[in-house]
Amino acid sequence: MKLPFLLALAILVAALAVVAVSNTIVQRQIAYAQSADENALDPNSVGILAAAEAPTGFDNQTNGFTDQTTFLADRAAFDQTENITDGLGPVYNAQSCRECHQNPTSGAISQVRELRAGHLDGSGNFVGATVTLHNSSGTPVVIANRSLINQRAICPGVDLAQGFNFPNDFAQERISTAETIVTPRTSLNVLGDGFLEAIANGTITNLATTQCNQTGGAICGLAISVPVLEAPGQTRIGRFGWKNQMSSLLSFSSDAYLNEMGITNRLNPNEVTTLCDIIADPEDKTGTDGLQDIDHFSRFMRATKAPPRDATLVNNPDVLTGQQLFHQVGCDICHVSSLTTAPPGTVINGGAFTVPAALGNKTIHPFSDLLLHDVGTGDNIVQNGGPDSGHRMRTPPLWGVRMRNELMHDGRSTTFFDSILRHGGAATPVTNNFRSLSDADKNRLIKFLLSL
Ligand code: HEC
Ligand code: HEC
(Lines give C-alpha, C1' and ligand atoms only; values in the text may rest on other atoms or scores of the structure.)
(Ligands and ions follow the chains in the order given, each with its own letter.)
Protein backbone atom coordinates (compact mmCIF):
# COMPACT_ATOMS: atom_id res chain seq x y z
CA MET A 1 0.00 0.00 0.00
CA LYS A 2 2.86 2.33 0.81
CA LEU A 3 4.16 2.69 -2.75
CA PRO A 4 0.82 3.56 -4.45
CA PHE A 5 0.18 6.10 -1.67
CA LEU A 6 3.52 7.81 -2.25
CA LEU A 7 2.89 7.72 -5.98
CA ALA A 8 -0.52 9.33 -5.52
CA LEU A 9 1.04 11.95 -3.26
CA ALA A 10 3.73 12.67 -5.85
CA ILE A 11 1.12 13.02 -8.57
CA LEU A 12 -0.91 15.38 -6.37
CA VAL A 13 2.16 17.52 -5.61
CA ALA A 14 3.08 17.61 -9.30
CA ALA A 15 -0.48 18.58 -10.25
CA LEU A 16 -0.49 21.37 -7.66
CA ALA A 17 2.86 22.59 -8.96
CA VAL A 18 1.51 22.70 -12.52
CA VAL A 19 -1.54 24.67 -11.31
CA ALA A 20 0.74 27.04 -9.38
CA VAL A 21 3.02 27.60 -12.38
CA SER A 22 0.15 28.15 -14.79
CA ASN A 23 -1.41 30.51 -12.25
CA THR A 24 1.82 32.46 -12.19
CA ILE A 25 1.81 32.62 -15.96
CA VAL A 26 -1.81 33.76 -15.98
CA GLN A 27 -0.97 36.37 -13.35
CA ARG A 28 2.02 37.52 -15.37
CA GLN A 29 -0.16 37.85 -18.45
CA ILE A 30 -2.61 39.91 -16.44
CA ALA A 31 0.28 41.96 -15.10
CA TYR A 32 1.41 42.61 -18.67
CA ALA A 33 -2.05 43.59 -19.75
CA GLN A 34 -2.23 46.03 -16.84
CA SER A 35 1.21 47.58 -17.22
CA ALA A 36 0.67 49.15 -20.59
CA ASP A 37 3.26 51.84 -19.77
CA GLU A 38 6.88 50.66 -20.02
CA ASN A 39 7.75 52.45 -16.80
CA ALA A 40 5.13 50.44 -14.88
CA LEU A 41 6.57 47.16 -16.16
CA ASP A 42 8.38 44.93 -13.66
CA PRO A 43 11.70 44.42 -15.47
CA ASN A 44 12.18 41.08 -13.71
CA SER A 45 9.06 39.73 -15.38
CA VAL A 46 10.15 40.68 -18.92
CA GLY A 47 10.85 37.50 -20.86
CA ILE A 48 9.41 35.18 -18.23
CA LEU A 49 6.90 33.94 -20.79
CA ALA A 50 9.03 32.02 -23.29
CA ALA A 51 10.23 34.77 -25.62
CA ALA A 52 10.71 33.96 -29.29
CA GLU A 53 14.04 34.52 -31.05
CA ALA A 54 13.93 37.70 -33.13
CA PRO A 55 14.32 37.09 -36.88
CA THR A 56 17.77 37.84 -38.35
CA GLY A 57 19.05 38.28 -41.89
CA PHE A 58 20.89 40.54 -44.35
CA ASP A 59 18.10 39.62 -46.78
CA ASN A 60 16.00 42.79 -47.30
CA GLN A 61 12.98 41.01 -45.83
CA THR A 62 10.59 42.49 -43.28
CA ASN A 63 10.64 41.18 -39.71
CA GLY A 64 6.83 41.11 -39.79
CA PHE A 65 6.21 44.62 -38.42
CA THR A 66 4.99 45.64 -41.89
CA ASP A 67 4.18 43.55 -44.95
CA GLN A 68 6.95 43.09 -47.53
CA THR A 69 5.49 45.60 -50.02
CA THR A 70 5.34 48.33 -47.38
CA PHE A 71 8.82 47.36 -46.21
CA LEU A 72 10.28 47.79 -49.69
CA ALA A 73 8.49 51.12 -50.18
CA ASP A 74 9.84 52.39 -46.84
CA ARG A 75 13.30 51.14 -47.73
CA ALA A 76 13.05 53.09 -51.00
CA ALA A 77 12.47 56.26 -48.95
CA PHE A 78 15.54 55.43 -46.83
CA ASP A 79 17.53 54.83 -50.04
CA GLN A 80 16.26 57.89 -51.90
CA THR A 81 18.76 60.52 -53.03
CA GLU A 82 17.55 64.01 -52.10
CA ASN A 83 18.35 67.11 -54.15
CA ILE A 84 18.22 70.87 -53.57
CA THR A 85 14.61 70.99 -54.73
CA ASP A 86 13.73 68.40 -52.07
CA GLY A 87 15.29 70.66 -49.45
CA LEU A 88 18.81 69.20 -49.29
CA GLY A 89 21.19 71.48 -47.36
CA PRO A 90 22.16 74.34 -47.17
CA VAL A 91 24.76 72.36 -45.20
CA TYR A 92 24.69 68.57 -45.11
CA ASN A 93 26.79 65.40 -45.02
CA ALA A 94 25.21 63.11 -47.62
CA GLN A 95 22.17 62.84 -49.88
CA SER A 96 20.45 59.75 -48.52
CA CYS A 97 20.27 57.69 -45.36
CA ARG A 98 21.59 54.71 -47.30
CA GLU A 99 24.84 56.50 -48.19
CA CYS A 100 25.91 56.07 -44.59
CA HIS A 101 24.03 52.88 -43.70
CA GLN A 102 24.43 50.21 -46.36
CA ASN A 103 27.10 47.53 -45.84
CA PRO A 104 25.95 44.93 -46.94
CA THR A 105 22.25 45.97 -47.21
CA SER A 106 20.28 49.17 -46.60
CA GLY A 107 20.29 49.89 -42.89
CA ALA A 108 23.63 48.31 -42.06
CA ILE A 109 26.82 50.25 -41.28
CA SER A 110 29.24 51.99 -43.66
CA GLN A 111 32.76 53.30 -43.84
CA VAL A 112 31.57 56.91 -43.43
CA ARG A 113 33.09 58.98 -40.65
CA GLU A 114 31.76 62.30 -39.47
CA LEU A 115 33.40 65.20 -37.71
CA ARG A 116 32.43 66.36 -34.22
CA ALA A 117 34.11 69.20 -32.33
CA GLY A 118 33.82 71.61 -29.45
CA HIS A 119 35.65 73.00 -26.43
CA LEU A 120 35.29 73.44 -22.68
CA ASP A 121 34.07 76.77 -21.33
CA GLY A 122 35.55 78.56 -18.30
CA SER A 123 33.56 76.32 -15.94
CA GLY A 124 34.71 73.14 -17.66
CA ASN A 125 31.42 72.49 -19.43
CA PHE A 126 31.41 71.16 -22.97
CA VAL A 127 30.27 73.64 -25.64
CA GLY A 128 29.64 72.64 -29.25
CA ALA A 129 31.96 74.15 -31.86
CA THR A 130 31.49 77.68 -33.14
CA VAL A 131 30.80 76.84 -36.78
CA THR A 132 31.58 79.54 -39.34
CA LEU A 133 31.28 80.18 -43.05
CA HIS A 134 33.51 82.71 -44.82
CA ASN A 135 32.22 85.47 -47.09
CA SER A 136 34.05 87.14 -49.97
CA SER A 137 35.89 89.58 -47.72
CA GLY A 138 37.19 86.59 -45.81
CA THR A 139 35.16 87.40 -42.71
CA PRO A 140 33.99 84.39 -40.76
CA VAL A 141 30.22 84.41 -40.19
CA VAL A 142 29.05 82.33 -37.27
CA ILE A 143 26.11 80.14 -38.28
CA ALA A 144 25.76 77.70 -35.40
CA ASN A 145 27.13 76.38 -32.17
CA ARG A 146 26.99 72.63 -32.40
CA SER A 147 29.24 69.61 -32.15
CA LEU A 148 28.43 68.22 -35.61
CA ILE A 149 30.35 69.85 -38.44
CA ASN A 150 28.72 69.30 -41.84
CA GLN A 151 31.16 68.46 -44.58
CA ARG A 152 29.14 69.42 -47.65
CA ALA A 153 27.01 72.41 -48.73
CA ILE A 154 24.75 73.36 -51.65
CA CYS A 155 25.03 77.12 -52.03
CA PRO A 156 23.91 77.44 -55.60
CA GLY A 157 23.93 81.21 -56.07
CA VAL A 158 24.22 84.67 -54.62
CA ASP A 159 23.02 85.74 -51.19
CA LEU A 160 24.26 89.34 -51.10
CA ALA A 161 21.84 90.20 -48.33
CA GLN A 162 24.00 88.14 -46.01
CA GLY A 163 27.28 89.32 -47.52
CA PHE A 164 27.78 86.21 -49.58
CA ASN A 165 28.62 86.30 -53.25
CA PHE A 166 28.65 82.88 -54.82
CA PRO A 167 30.39 81.22 -56.51
CA ASN A 168 33.32 83.19 -55.07
CA ASP A 169 32.09 82.24 -51.61
CA PHE A 170 30.81 78.91 -50.66
CA ALA A 171 29.12 77.68 -47.56
CA GLN A 172 31.81 75.31 -46.38
CA GLU A 173 31.54 74.92 -42.61
CA ARG A 174 34.75 75.58 -40.75
CA ILE A 175 35.97 75.56 -37.19
CA SER A 176 38.93 77.34 -35.64
CA THR A 177 41.80 76.35 -33.39
CA ALA A 178 39.58 77.33 -30.44
CA GLU A 179 37.96 73.93 -30.81
CA THR A 180 40.29 71.80 -28.76
CA ILE A 181 38.05 68.71 -28.80
CA VAL A 182 37.90 67.19 -32.29
CA THR A 183 36.89 63.63 -33.11
CA PRO A 184 35.78 61.47 -36.00
CA ARG A 185 32.62 59.40 -35.51
CA THR A 186 31.89 56.28 -37.49
CA SER A 187 28.44 55.36 -38.73
CA LEU A 188 26.34 52.71 -36.98
CA ASN A 189 24.18 49.79 -38.02
CA VAL A 190 20.41 50.38 -37.79
CA LEU A 191 19.26 46.85 -38.73
CA GLY A 192 17.33 45.34 -35.81
CA ASP A 193 17.00 48.74 -34.11
CA GLY A 194 13.23 48.23 -33.74
CA PHE A 195 14.06 45.54 -31.19
CA LEU A 196 16.42 47.86 -29.29
CA GLU A 197 13.69 50.51 -29.26
CA ALA A 198 11.29 47.92 -27.80
CA ILE A 199 13.56 47.26 -24.78
CA ALA A 200 11.78 48.66 -21.72
CA ASN A 201 13.53 51.42 -19.74
CA GLY A 202 13.58 49.20 -16.65
CA THR A 203 15.44 46.42 -18.46
CA ILE A 204 18.32 48.83 -19.12
CA THR A 205 18.40 50.41 -15.66
CA ASN A 206 18.18 46.93 -14.13
CA LEU A 207 21.22 45.87 -16.14
CA ALA A 208 23.13 48.89 -14.84
CA THR A 209 22.32 47.99 -11.22
CA THR A 210 23.06 44.28 -11.60
CA GLN A 211 26.33 44.90 -13.43
CA CYS A 212 27.49 47.38 -10.80
CA ASN A 213 26.58 45.04 -7.91
CA GLN A 214 28.14 41.99 -9.53
CA THR A 215 31.46 43.73 -10.19
CA GLY A 216 31.65 45.32 -6.73
CA GLY A 217 31.24 48.78 -8.26
CA ALA A 218 34.06 48.32 -10.80
CA ILE A 219 31.83 48.39 -13.90
CA CYS A 220 28.81 50.67 -13.56
CA GLY A 221 27.24 51.70 -16.86
CA LEU A 222 25.39 55.01 -16.98
CA ALA A 223 21.79 55.19 -18.25
CA ILE A 224 20.68 58.66 -19.36
CA SER A 225 17.19 60.05 -19.97
CA VAL A 226 16.81 61.94 -23.21
CA PRO A 227 13.94 63.88 -24.76
CA VAL A 228 11.48 62.06 -27.04
CA LEU A 229 10.90 64.60 -29.83
CA GLU A 230 7.50 63.19 -30.81
CA ALA A 231 6.26 63.27 -27.19
CA PRO A 232 7.02 66.85 -26.06
CA GLY A 233 8.04 67.07 -22.42
CA GLN A 234 8.64 63.30 -22.18
CA THR A 235 11.99 61.58 -21.69
CA ARG A 236 13.12 57.98 -22.08
CA ILE A 237 16.34 56.03 -21.51
CA GLY A 238 18.63 56.79 -24.47
CA ARG A 239 19.93 53.83 -26.48
CA PHE A 240 20.80 55.08 -29.97
CA GLY A 241 23.97 56.79 -31.15
CA TRP A 242 27.51 56.56 -29.73
CA LYS A 243 26.37 58.71 -26.79
CA ASN A 244 22.89 57.22 -26.36
CA GLN A 245 21.69 60.66 -27.43
CA MET A 246 18.33 59.34 -28.71
CA SER A 247 15.72 56.88 -27.46
CA SER A 248 13.28 56.58 -30.36
CA LEU A 249 13.74 55.84 -34.05
CA LEU A 250 11.35 58.60 -35.10
CA SER A 251 13.39 61.12 -33.06
CA PHE A 252 16.62 59.83 -34.64
CA SER A 253 15.11 60.01 -38.14
CA SER A 254 14.07 63.61 -37.59
CA ASP A 255 17.48 64.54 -36.18
CA ALA A 256 19.38 62.77 -38.98
CA TYR A 257 17.17 64.28 -41.69
CA LEU A 258 18.03 67.77 -40.47
CA ASN A 259 21.62 67.32 -39.35
CA GLU A 260 22.91 64.83 -41.95
CA MET A 261 20.90 66.00 -44.94
CA GLY A 262 19.73 69.50 -44.06
CA ILE A 263 16.06 68.59 -44.52
CA THR A 264 13.78 70.27 -42.01
CA ASN A 265 10.80 68.29 -40.78
CA ARG A 266 7.91 68.59 -38.33
CA LEU A 267 10.05 67.64 -35.31
CA ASN A 268 13.02 69.80 -36.36
CA PRO A 269 11.48 72.69 -38.32
CA ASN A 270 14.46 75.10 -38.36
CA GLU A 271 17.47 75.06 -40.68
CA VAL A 272 20.98 75.14 -39.25
CA THR A 273 21.57 78.27 -41.36
CA THR A 274 19.21 80.42 -43.42
CA LEU A 275 22.03 81.11 -45.87
CA CYS A 276 21.12 79.70 -49.30
CA ASP A 277 17.92 78.29 -47.82
CA ILE A 278 15.70 78.46 -50.89
CA ILE A 279 13.00 75.86 -50.11
CA ALA A 280 10.19 76.75 -47.68
CA ASP A 281 10.49 75.02 -44.30
CA PRO A 282 9.61 72.44 -43.12
CA GLU A 283 10.80 70.64 -46.23
CA ASP A 284 9.57 67.13 -45.35
CA LYS A 285 6.02 67.09 -46.75
CA THR A 286 3.09 64.78 -46.05
CA GLY A 287 2.56 62.26 -48.87
CA THR A 288 -0.71 60.92 -50.25
CA ASP A 289 -0.56 58.14 -47.63
CA GLY A 290 -0.61 60.74 -44.85
CA LEU A 291 2.98 59.98 -43.86
CA GLN A 292 6.13 62.08 -44.03
CA ASP A 293 9.62 60.83 -44.92
CA ILE A 294 10.66 60.59 -41.26
CA ASP A 295 7.68 58.24 -40.68
CA HIS A 296 8.85 56.01 -43.54
CA PHE A 297 12.45 55.97 -42.26
CA SER A 298 11.42 54.95 -38.77
CA ARG A 299 8.92 52.36 -40.02
CA PHE A 300 11.62 50.88 -42.27
CA MET A 301 14.08 50.61 -39.39
CA ARG A 302 11.45 49.08 -37.09
CA ALA A 303 10.68 46.45 -39.73
CA THR A 304 14.31 45.35 -40.26
CA LYS A 305 15.61 42.00 -39.10
CA ALA A 306 18.57 41.96 -36.74
CA PRO A 307 22.03 41.29 -38.25
CA PRO A 308 22.54 37.52 -38.67
CA ARG A 309 25.51 35.45 -37.46
CA ASP A 310 27.95 34.24 -40.13
CA ALA A 311 26.40 30.91 -41.14
CA THR A 312 29.73 29.27 -41.98
CA LEU A 313 31.37 30.26 -38.69
CA VAL A 314 28.57 30.02 -36.17
CA ASN A 315 29.19 26.35 -35.30
CA ASN A 316 32.93 26.33 -35.88
CA PRO A 317 34.64 24.70 -32.85
CA ASP A 318 37.09 27.60 -32.43
CA VAL A 319 34.20 30.09 -32.55
CA LEU A 320 32.28 28.13 -29.92
CA THR A 321 35.35 28.11 -27.67
CA GLY A 322 35.86 31.81 -28.46
CA GLN A 323 32.31 32.50 -27.29
CA GLN A 324 33.05 30.79 -23.97
CA LEU A 325 36.26 32.81 -23.63
CA PHE A 326 34.32 36.03 -24.38
CA HIS A 327 32.17 35.17 -21.37
CA GLN A 328 35.05 33.87 -19.23
CA VAL A 329 37.21 37.00 -19.51
CA GLY A 330 34.18 39.25 -18.85
CA CYS A 331 33.52 40.92 -22.21
CA ASP A 332 29.82 40.12 -21.81
CA ILE A 333 29.56 42.16 -18.60
CA CYS A 334 29.11 45.07 -21.03
CA HIS A 335 28.61 43.31 -24.36
CA VAL A 336 25.54 41.49 -22.95
CA SER A 337 24.66 38.56 -25.20
CA SER A 338 20.87 38.32 -24.73
CA LEU A 339 18.12 40.84 -23.99
CA THR A 340 14.34 40.48 -24.14
CA THR A 341 12.05 43.16 -25.54
CA ALA A 342 8.96 44.40 -23.69
CA PRO A 343 5.73 42.45 -24.23
CA PRO A 344 3.43 43.40 -27.10
CA GLY A 345 1.05 46.16 -26.03
CA THR A 346 3.60 48.00 -23.89
CA VAL A 347 3.43 51.74 -24.47
CA ILE A 348 6.90 53.25 -25.02
CA ASN A 349 8.49 56.46 -26.33
CA GLY A 350 6.65 58.65 -23.83
CA GLY A 351 3.26 57.37 -25.04
CA ALA A 352 3.97 57.78 -28.75
CA PHE A 353 4.45 54.10 -29.73
CA THR A 354 3.00 50.74 -28.69
CA VAL A 355 5.19 47.65 -28.99
CA PRO A 356 3.63 45.46 -31.73
CA ALA A 357 3.57 41.64 -31.78
CA ALA A 358 6.44 41.53 -34.32
CA LEU A 359 8.80 43.35 -31.94
CA GLY A 360 7.46 42.39 -28.50
CA ASN A 361 8.67 39.59 -26.21
CA LYS A 362 11.60 38.78 -28.50
CA THR A 363 15.01 37.52 -27.47
CA ILE A 364 17.79 39.42 -29.21
CA HIS A 365 21.58 39.09 -29.17
CA PRO A 366 22.94 42.61 -29.59
CA PHE A 367 26.03 42.01 -27.41
CA SER A 368 25.48 45.33 -25.68
CA ASP A 369 24.07 46.62 -22.38
CA LEU A 370 23.07 49.90 -24.10
CA LEU A 371 24.86 51.78 -21.31
CA LEU A 372 27.57 54.46 -21.37
CA HIS A 373 30.99 53.41 -20.05
CA ASP A 374 34.37 55.00 -19.58
CA VAL A 375 36.73 52.54 -21.24
CA GLY A 376 39.43 55.19 -21.59
CA THR A 377 38.50 56.13 -25.15
CA GLY A 378 35.88 58.84 -24.48
CA ASP A 379 35.88 61.68 -26.99
CA ASN A 380 34.79 64.37 -24.45
CA ILE A 381 31.79 65.33 -26.57
CA VAL A 382 28.55 65.78 -24.60
CA GLN A 383 25.22 65.11 -26.33
CA ASN A 384 22.12 65.00 -24.14
CA GLY A 385 24.05 63.18 -21.42
CA GLY A 386 25.42 65.81 -19.02
CA PRO A 387 29.07 66.35 -18.01
CA ASP A 388 29.57 62.76 -16.81
CA SER A 389 28.92 61.42 -20.30
CA GLY A 390 31.83 63.24 -21.99
CA HIS A 391 34.39 60.56 -21.22
CA ARG A 392 31.92 57.72 -21.77
CA MET A 393 30.75 55.94 -24.92
CA ARG A 394 27.85 53.53 -25.41
CA THR A 395 28.84 49.86 -25.49
CA PRO A 396 28.34 49.39 -29.23
CA PRO A 397 26.16 46.41 -30.15
CA LEU A 398 28.49 43.82 -31.71
CA TRP A 399 25.80 42.21 -33.87
CA GLY A 400 26.96 42.67 -37.46
CA VAL A 401 30.40 43.90 -36.31
CA ARG A 402 32.07 41.58 -38.87
CA MET A 403 30.95 44.11 -41.51
CA ARG A 404 33.28 46.76 -40.03
CA ASN A 405 37.01 47.12 -40.72
CA GLU A 406 37.44 50.45 -38.92
CA LEU A 407 36.41 49.96 -35.34
CA MET A 408 35.50 52.04 -32.27
CA HIS A 409 33.69 55.41 -32.36
CA ASP A 410 36.60 57.05 -34.17
CA GLY A 411 37.29 54.19 -36.59
CA ARG A 412 40.94 54.29 -35.53
CA SER A 413 41.26 50.56 -34.83
CA THR A 414 41.73 48.47 -37.92
CA THR A 415 41.85 45.08 -36.19
CA PHE A 416 39.72 43.44 -33.50
CA PHE A 417 42.95 42.80 -31.58
CA ASP A 418 43.74 46.52 -31.48
CA SER A 419 40.16 47.48 -30.57
CA ILE A 420 40.26 45.11 -27.59
CA LEU A 421 43.62 46.39 -26.36
CA ARG A 422 42.32 49.97 -26.54
CA HIS A 423 39.75 49.15 -23.83
CA GLY A 424 41.10 50.76 -20.65
CA GLY A 425 39.22 52.52 -17.84
CA ALA A 426 36.46 50.35 -16.38
CA ALA A 427 37.33 47.54 -18.83
CA THR A 428 40.97 47.29 -17.67
CA PRO A 429 40.55 44.07 -15.60
CA VAL A 430 38.70 42.43 -18.51
CA THR A 431 41.34 43.57 -21.00
CA ASN A 432 44.02 42.15 -18.70
CA ASN A 433 42.17 38.82 -18.64
CA PHE A 434 42.23 38.89 -22.43
CA ARG A 435 45.96 39.71 -22.40
CA SER A 436 46.70 36.69 -20.25
CA LEU A 437 45.03 34.26 -22.69
CA SER A 438 47.28 32.10 -24.86
CA ASP A 439 47.73 33.33 -28.44
CA ALA A 440 45.55 30.45 -29.66
CA ASP A 441 42.73 31.46 -27.31
CA LYS A 442 43.03 35.16 -28.23
CA ASN A 443 42.60 34.09 -31.85
CA ARG A 444 39.55 31.97 -30.94
CA LEU A 445 37.92 34.93 -29.18
CA ILE A 446 38.62 37.12 -32.21
CA LYS A 447 37.23 34.43 -34.51
CA PHE A 448 34.04 34.57 -32.43
CA LEU A 449 33.86 38.35 -33.09
CA LEU A 450 34.27 37.61 -36.80
CA SER A 451 31.20 35.37 -36.61
CA LEU A 452 28.96 38.16 -35.24
C1 HEC B 1 26.54 61.31 -43.60
C2 HEC B 1 26.26 60.03 -43.05
C3 HEC B 1 24.91 59.75 -42.46
C4 HEC B 1 23.68 59.95 -43.03
C5 HEC B 1 23.35 60.61 -44.35
C6 HEC B 1 22.73 59.37 -42.12
N7 HEC B 1 23.37 58.83 -41.05
FE8 HEC B 1 22.51 57.80 -39.53
N9 HEC B 1 24.30 57.73 -38.57
C10 HEC B 1 25.48 58.25 -39.05
C11 HEC B 1 26.47 58.26 -38.01
C12 HEC B 1 27.90 58.76 -38.13
C13 HEC B 1 25.86 57.71 -36.86
C14 HEC B 1 26.45 57.65 -35.46
C15 HEC B 1 26.08 58.99 -34.87
C16 HEC B 1 26.70 59.32 -33.55
O17 HEC B 1 26.28 58.75 -32.55
O18 HEC B 1 27.58 60.16 -33.52
C19 HEC B 1 24.49 57.38 -37.25
C20 HEC B 1 23.55 56.80 -36.42
C21 HEC B 1 22.25 56.53 -36.78
C22 HEC B 1 21.30 55.85 -35.94
C23 HEC B 1 21.57 55.24 -34.57
C24 HEC B 1 21.79 53.75 -34.70
C25 HEC B 1 22.03 53.04 -33.40
O26 HEC B 1 21.66 51.86 -33.31
O27 HEC B 1 22.56 53.62 -32.46
C28 HEC B 1 20.10 55.86 -36.60
C29 HEC B 1 18.80 55.26 -36.11
C30 HEC B 1 20.31 56.53 -37.87
N31 HEC B 1 21.64 56.92 -37.94
C32 HEC B 1 19.33 56.75 -38.81
C33 HEC B 1 19.53 57.53 -39.96
C34 HEC B 1 18.46 57.93 -40.86
C35 HEC B 1 17.00 57.57 -40.72
C36 HEC B 1 19.03 58.69 -41.84
C37 HEC B 1 18.37 59.42 -42.98
C38 HEC B 1 17.45 60.45 -42.60
C39 HEC B 1 20.45 58.74 -41.54
N40 HEC B 1 20.71 58.03 -40.40
C41 HEC B 1 21.37 59.41 -42.32
C42 HEC B 1 25.69 58.69 -40.33
C43 HEC B 1 24.69 59.06 -41.20
C1 HEC C 1 33.25 48.17 -19.39
C2 HEC C 1 32.48 47.75 -20.52
C3 HEC C 1 33.16 46.98 -21.62
C4 HEC C 1 33.85 45.79 -21.54
C5 HEC C 1 34.14 44.97 -20.29
C6 HEC C 1 34.25 45.45 -22.88
N7 HEC C 1 33.81 46.40 -23.76
FE8 HEC C 1 34.09 46.39 -25.76
N9 HEC C 1 33.38 48.28 -25.87
C10 HEC C 1 32.88 49.01 -24.81
C11 HEC C 1 32.69 50.39 -25.23
C12 HEC C 1 32.15 51.52 -24.38
C13 HEC C 1 33.12 50.45 -26.57
C14 HEC C 1 33.15 51.69 -27.46
C15 HEC C 1 34.48 52.41 -27.26
C16 HEC C 1 34.73 53.50 -28.26
O17 HEC C 1 34.17 53.48 -29.35
O18 HEC C 1 35.53 54.40 -27.97
C19 HEC C 1 33.52 49.10 -26.95
C20 HEC C 1 33.92 48.75 -28.24
C21 HEC C 1 34.21 47.45 -28.62
C22 HEC C 1 34.45 47.02 -29.98
C23 HEC C 1 34.37 47.88 -31.22
C24 HEC C 1 33.00 47.74 -31.84
C25 HEC C 1 32.75 48.63 -33.03
O26 HEC C 1 31.66 48.53 -33.58
O27 HEC C 1 33.61 49.43 -33.40
C28 HEC C 1 34.74 45.68 -29.92
C29 HEC C 1 35.07 44.77 -31.10
C30 HEC C 1 34.70 45.28 -28.55
N31 HEC C 1 34.35 46.37 -27.77
C32 HEC C 1 34.96 44.02 -28.07
C33 HEC C 1 35.16 43.73 -26.72
C34 HEC C 1 35.75 42.50 -26.23
C35 HEC C 1 36.20 41.34 -27.09
C36 HEC C 1 35.80 42.59 -24.86
C37 HEC C 1 36.41 41.63 -23.89
C38 HEC C 1 37.82 41.35 -24.08
C39 HEC C 1 35.20 43.88 -24.50
N40 HEC C 1 34.86 44.54 -25.66
C41 HEC C 1 34.99 44.33 -23.22
C42 HEC C 1 32.60 48.53 -23.56
C43 HEC C 1 33.16 47.36 -23.03
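Which strands do the buried residues of H4 pack against? I opened the predicted model to find out.

**Entry 1: helix H4**

I located H4 at residues 201–214. It has 14 residues. I checked its span from the first C-alpha to the last and got 20 Å. That is close to the 20 Å expected at 1.5 Å a residue.

Next I looked up burial. Asn201, Thr203, Ile204 and Leu207 are buried in H4. I then traced what these buried residues pack against: strand S10 (235–237) and strand S11 (339–340). That settles my opening query.

I also looked past the end of the helix. Gly216 follows H4, and its phi is positive, near 60°.

**Entry 2: ligand 1**

I listed the surroundings of ligand 1 and found 26 residues. The closest are Asn93, Cys97, Cys100, Gly241 and Ala256. Two elements give two or more residues to this shell: helix H5 (249–261) and helix H6 (293–302). H5 gives the most, with seven residues. I sorted the shell around ligand 1 by class and noted 15 nonpolar, five polar and six charged residues.

**Entry 3: ligand 2**

I repeated the search for ligand 2. Here 28 residues surround the ligand. Cys331, Cys334, Thr377, Leu407 and His409 come nearest. Helix H8 (416–421) and helix H9 (428–435) are the elements that give two or more residues to this shell. H8 gives the most, with three residues. By class, I noted 19 nonpolar, eight polar and one charged for the shell around ligand 2.

How values were computed:
Residues are numbered from 1 along each chain as its sequence is written. Chains are lettered from A and ligands numbered from 1 in the order in which they are written. This is a predicted model: local features need pLDDT of at least 70, side-chain atom pairs count only at pLDDT 80 or more; totals for chains, interfaces and linings use all residues. A residue is near a molecule or strand if its C-beta atom, placed from the backbone, lies within 6 Å of it. Helices (H or I, at least four residues) and strands (E, at least two) are DSSP runs, numbered from the N terminus. Ala, Val, Leu, Ile, Met, Phe, Trp, Tyr, Cys and Pro count as nonpolar, Asp, Glu, Lys and Arg as charged, and the others, Gly among them, as polar. The expected span of a helix is 1.5 Å times one less than its number of residues. A residue is buried if 20 or more other C-beta atoms lie within 10 Å of its own, exposed if 12 or fewer, and partly exposed in between; C-beta atoms are placed from the backbone. Two residues are in contact if their C-beta atoms, placed from the backbone, lie within 7 Å.
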